[in-house]
Amino acid sequence: MSETLWVVRRRRGGLWDWSKTLREQEGWDEHAAFMDGLVEEGFIVLGGPLEGDREVLLAVDASSEEAVHERLAQDNWTANGMLRTVSVEGWTIFLDGREP
C-alpha cells in the first residue's frame, strides 16, 4: 500500500531579520499558532528547518498542489514575504517507519 504526500520546500527571506532567532521574529506567535493548527488538522505530517536554517521542508497531506498553495497562503509569514514556497512535489511513500 502506498500513500501520496506533498514535499514542500520553503525559503526564508523578505522581512526576515537574520540578527534574530526564529522565535524572536516579528509575528512568531501568530505563525506558530497557524502551523500548530495545520499539524492538528493533519495537513502537516512532518516539518522543520533544513541545515543552514534558510529553508524549511514540510511533508503535507493535501488533495492537490493547489490546495497546498492555498492553505499556506493563509500564513502571516507567507503574506508578509518572510516565507515563500520554492517547490511543491508529489511524493509516493512506499516505506514508512513511523508508528501508526
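Helices (H or I, at least four residues) and strands (E, at least two) are DSSP runs, numbered from the N terminus. The model is predicted: local features need pLDDT of at least 70, side-chain atom pairs count only at pLDDT 80 or more, and totals for chains, interfaces and linings use all residues. Residues are numbered from 1 along each chain as its sequence is written, and side-chain values use heavy atoms, with hydrogens and water left out.

**Exercise 1. Place R23.**
Task: find where R23 is, and decide whether R23 is buried or exposed.

Solution.
- Locate the residue. R23 lies in the loop between β1 and α1 (28-41).
- Fix the cut-offs. Buried means under 20% relative accessible area, exposed over 50%, and partly exposed in between (1.4 Å probe, protein chains only).
- Apply them. The relative accessible area of R23 is 61%, so R23 is exposed.
- Add a distance. R23 and F94 are 71 residues apart along the chain, and their C-alpha atoms are separated by 35 Å.

**Exercise 2. Lay out the sheet.**
Task: give the order of the strands and say which of them stand at the edges.

Solution.
- Set the pairing rule. Two strands pair if DSSP finds at least two bridges between them.
- Read the order. 4 strands make an open, antiparallel sheet, β2-β3-β1-β4.
- Pick the edges. β2 (44-49) and β4 (83-93) each have a single partner strand, so one side of each lacks a neighbour in the sheet.
- Take the twist. From one strand to the next it averages 15 degrees. Axes here are lines fitted to C-alpha atoms, and angles run from 0 to 180 degrees between N-to-C directions.
- Check one pair. β1 (residues 3-12) and β4 run antiparallel and are joined by 10 bridges. R12 has L83 in β4 as its bridge partner.

**Exercise 3. Trace the core.**
Task: name the residues with the most contacts inside the largest nonpolar core, and the element that gives the most to this core.

Solution.
- Define it. A nonpolar core is a set of buried Ala, Val, Leu, Ile, Met, Phe, Trp, Tyr and Cys residues joined through side-chain atoms within 4.5 Å.
- Read the centre. The largest has 20 residues, and V8, L58, V60 and V68 have the most contacts inside it.
- List suppliers. β1, α1, β3 (55-60), α2 (65-72) and β4 each supply at least two residues.
- Rank them. α1 gives the most, with 5 residues.

**Exercise 4. Split α2 into faces.**
Task: which residues of α2 are buried, and why do they share a side?

Solution.
- Buried in α2 are V68, R71 and L72.
- They cover an arc of only 90 degrees around the axis, which puts them on the same side of α2. The arc is that of the directions from the helix axis to the C-beta atoms.
- The face turned away from that buried side carries exposed E66 and E70.
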